[in-house]
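Visitor: Please show me the model. I would like to know how its surface terms are decided.

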Amino acid sequence: MPHSFGLRARTRHLFSRDFRTKGPVKLSTYLKTYKVGDIVDIKANRAIHKGMPHKYYQGKTGIIYNVTKSSVGIIINKIVGNRYIEKRVNIRVEHIKHSNCRLDFLNRVKTNAAAKKDAKEKGVSVNVKRQPLAPRKAHHVSTKTNIPTTISPIPYEALV
């Protein structure tokens, strides 16, 4: 049988909402503040059809370049062939959310600033650079009181 190649073809599960998140859009969605330069994730809400992004952009992350009354413009890098093309997409605020990709970095900046301030007050130097985890220390395992046990598989039995 022929099948569809439409704009929203094969999106039955892609745009579906999670368990207990169906229904009208919460008011907090509209009260969030978006600024130029914010990093956002695109997650289409199928309850609102206006301003919905194409299925390609579902789950993509971009940077806001324009903010209007009810929508935002987002720059997304799209792979076409062997290169990246900068796409500018206008999406309503119901279909986006702030990304958590910079939270770890921002928290690290705050803790480093606090550590530097404390070190300056005490008059000592502090190293705020991240260090890779060192290998675990070597240790000796004695078999004097720890007798090795032999493990063998149980033979197969037909349980009828």
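Guide: What follows covers an exposed residue, a surface patch and two pockets.

Guide: This is a predicted model, where local features need pLDDT of at least 70, side-chain atom pairs count only at pLDDT 80 or more, and totals for chains, interfaces and linings use all residues. Residues are numbered from 1 along each chain as its sequence is written, and side-chain values use heavy atoms, without hydrogens and water.

Visitor: Why is Leu27 called exposed?

Guide: Leu27 has a relative accessible area of 61%. Exposed means over 50%, buried under 20%, partly exposed in between (1.4 Å probe, protein chains only). Leu27 is therefore exposed.

Visitor: What makes Leu27, Tyr30 and Leu31 a patch?

Guide: Patch residues have over 30% relative accessible area and no salt bridge (a side-chain nitrogen of Lys or Arg within 4 Å of a carboxyl oxygen of Asp or Glu). Nonpolar side chains (Val, Leu, Ile, Met, Phe, Trp, Tyr) are joined within 5 Å, like charges within 9 Å. Leu27, Tyr30 and Leu31 form a nonpolar patch with about 350 Å² of accessible area together.

Visitor: What makes a space a pocket?

Guide: On a 1 Å grid over the protein atoms alone, a pocket is an open set of points with protein on both sides within 12 Å along at least five of seven lines. Lining residues have an atom within 4 Å of a point. The largest pocket has a volume of about 570 Å³ and 23 lining residues. Arg17, Thr29, Lys43, Asn45 and Glu94 lie nearest its centre.

Visitor: Which residues line the second largest pocket?

Guide: Gly37, Asp38, Ile39, His98, Ser99, Arg102, Leu103 and Leu106 line the second largest pocket. Its volume is about 180 Å³.

Notes:
1 Å grid on protein atoms, 1.4 Å probe; cavity = no way out; pocket = protein on both sides within 12 Å on 5 of 7 lines; lining within 4 Å. Points joined across faces, edges and corners; volume = space filled by probe spheres on them. Areas by Shrake-Rupley, 256 points an atom, 1.4 Å probe, with all protein chains shown as cover.
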